[in-house]
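Q: Please take a close look at the enclosed empty space inside this protein. I would like to know what lines it and how far the model can be trusted.

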Amino acid sequence: MNENNIRWQIFPRDILPEALMGRYNPLDSPAKYFLEPYELKGSVVAVGYSDSRLRDEYNPPALLVLESESAIETLSWLRTYAPETAPLSQYTRVVSSQDWMSFSRIQGRMQGFLYDAREDVWSSVILGEALAQGEADVELASLPLSRAGACFSMAIARAVFTYGRDEATKTCADRLRQVEADRRFVRRPVTVSDLMPIWAMASGQFGKSVSAEETANLVLDAASRFMHDSFSVPHSPTPLKLRNIPGLSSDSIEERVLAFQRLSTELTNAEAHGADSGLPSVLLAAAAFLVGRSTSHEFLLHRVSKRFPASLAWYGLIAGLAGPSTWDANWSKAAKGIERQVRPRFDWSESTGFDLCWIEYSWMAKMFDGTVTFNSLPKLLPRVISIEVIPGAACQFRLVAGSSPELEAGRSNDRVREMDLQAALSQFVVLANRARHLLEGDSTPKQQSLAFDSSDTTRSGPTKPRRKKAST
């Protein structure tokens with residue numbers, strides 16, 4: 001849906017709760033066909049309605065645009081005086097005026113533009129990252145395709161196919177870095193920095209289709225130049241030409257497997273005595289691809305994935321650039337399943353598939369400490385927050401489980417209260433027994449217990465301490 005399919009109303013923020021419930025008729029006031037920057041001043045909110053539903057009895061907003069400078073004040077006001085509206089992302093898509101002007105303009109330029117990126121290449125990259133970010137013992141055939149939504153590469157792919165590969169993808173990558181640095185979410189073995197050269201090559205073109213060996217060599221050569229130029233990485237002691245690795249070009253698959261094993265052992269020993277430059281991950285990915293000359297031997301990388309997690313992401317890139325003709329059945333089925341998630345066109349009026357829009361996440365991340373605020377949100381998945389990093393590109397992030405200071409303090413307080421309660425109940429039983437025996441005239445009452453430990457009674461009451469037995 002482009003801007004011409006949205007009808008705008010400018011509301012003060014105190015009318016927004018009524019509008020979100022669909023109780024405001026946008027036809028009661030003249031609708032605007034275009035949203036101009038000067039119209040968003042102060043605490044007003046631009047509410048966009050879908051043109052196709054203007055005359056429906058129930059017509060909730062399709063889009064909210066908050067003026068960038070007053071957005072924090074508006075969100076804080078709504079959370080305080082209209083808590084039923086928090087978070088706004090549960091009702092509709094929410095963007096800042098800066099994002100609306102920027103991304104709607106880029107999308108307008110992209111209309112009718114034939115972009116040369118391929119969805120199958122990106123789906124293969126995403127599949128490689130999904131294997132790299134998950135458990136090392138998960139087999140490709142049993143990999144849940146829902147994990148694609150938690151991959152950084154999925155958000156970048158959606159940005160590429162919606163807005164092109166320039167300013168929008170840069171903004172997307174920068175915001176992914178911000179969330180990645182948020183310690184309320186689980187850290188990942190493969191970082192945004194690890195994936196940047198992979199994304200650059202997935203968006204580029206290597207010309208006509210070439211053989212598996214040529215593709216692997218091209219990726220290895222490009223990665224080597226990229227890493228040396230960008231990070232001043234010293235040259236690896238291992239040769240960076242696949243044909244120089246003994247046995248890897250053999251016609252015997254057994255020889256190729258043995259060559260890969262020797263290479264992985266050499267690289268593991270070498271990296272144990274120095275910093276990981278990133279190049280060994282590329283070299284291992286290329287070597288594993290050449291063992292089967294297809295994706296048939298992807299499992300070889302699982303054995304080294306803990307030491308070189310990015311190798312599986314590089315493997316996905318090589319497989320994508322080599323093309324579907326080199327995919328075995330399991331890789332093909334998984335990659336094509338992920339491709340369906342990459343392909344849908346972006347529509348401003350669709351706000352499903354995520355929990356928080358970027359402007360609300362960034363506000364909440366600055367305003368609140370710990371995971372309690374995020375845990376209390378209604379979510380698509382338990383312990384997972386899906387954030388729309390830029391309009392149309394979302395990524396899932398898993399919350400840190402149970403190790404936050406707030407949760408630990410809460411558990412500690414619960415244990416203290418439980419012990420105090422046990423001690424109080426035990427003392428109550430002792431006193432009740434004494435009273436009963438006094439009333440019955442028995443001066444030698446016997447202490448009884450209700451399954452509480454006797455040490456609890458001595459902690460909380462005025463009972464005499466027991467004498468220690470003499471040691472023998």
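A: What follows covers the cavities, then the confidence of the model.

This is a predicted model, and it holds three cavities of 30 Å³ or more. The largest cavity encloses about 60 Å³ of space. Its lining includes Val94, Val95 and Ser96, and strand E4 (93-96) is one of the elements that give two or more residues to it. Helix H13 (358-367) and strand E6 (384-390) are the others. Trp358 and Ile359 are among the lining residues, as are Glu388, Val389 and Ile390. Asp99, Arg175, Cys357 and Pro391 also line this cavity. By class, the lining has eight nonpolar residues, one polar and three charged.

The second largest cavity holds about 50 Å³ of space. Leu75, Leu78, Arg79, Thr85, Ala86, Pro87, Leu88, Glu360 and Trp363 form its lining. Here the elements that give two or more residues are helix H2 (71-81) and H13. H2 supplies the largest share, three residues. Six of the lining residues are nonpolar, one is polar and two are charged. H13 thus appears in the lining of the largest cavity and in that of the second largest.

As for confidence, the chain averages a pLDDT of 81, and 76% of the residues score at least 70. Over residues 231-239 the pLDDT is below 50, and this stretch has 14 contacts in the model beyond near neighbours in sequence. Residues 403-412 also stay under 50, with nine contacts beyond four places in sequence.

How values were computed. Residues numbered from 1 in each chain as written. Predicted model: local features only at pLDDT ≥ 70, side-chain atom pairs only at ≥ 80, totals over all residues. Heavy atoms only, no water. pLDDT = per-residue confidence, 0-100. Contact = heavy atoms within 4.5 Å. 1 Å grid on protein atoms, 1.4 Å probe; cavity = no way out; pocket = protein on both sides within 12 Å on 5 of 7 lines; lining within 4 Å. Points joined across faces, edges and corners; volume = space filled by probe spheres on them. Helix = DSSP H or I, 4+ residues; strand = E, 2+ residues; numbered from the N terminus. Nonpolar A, V, L, I, M, F, W, Y, C, P; charged D, E, K, R; others polar.
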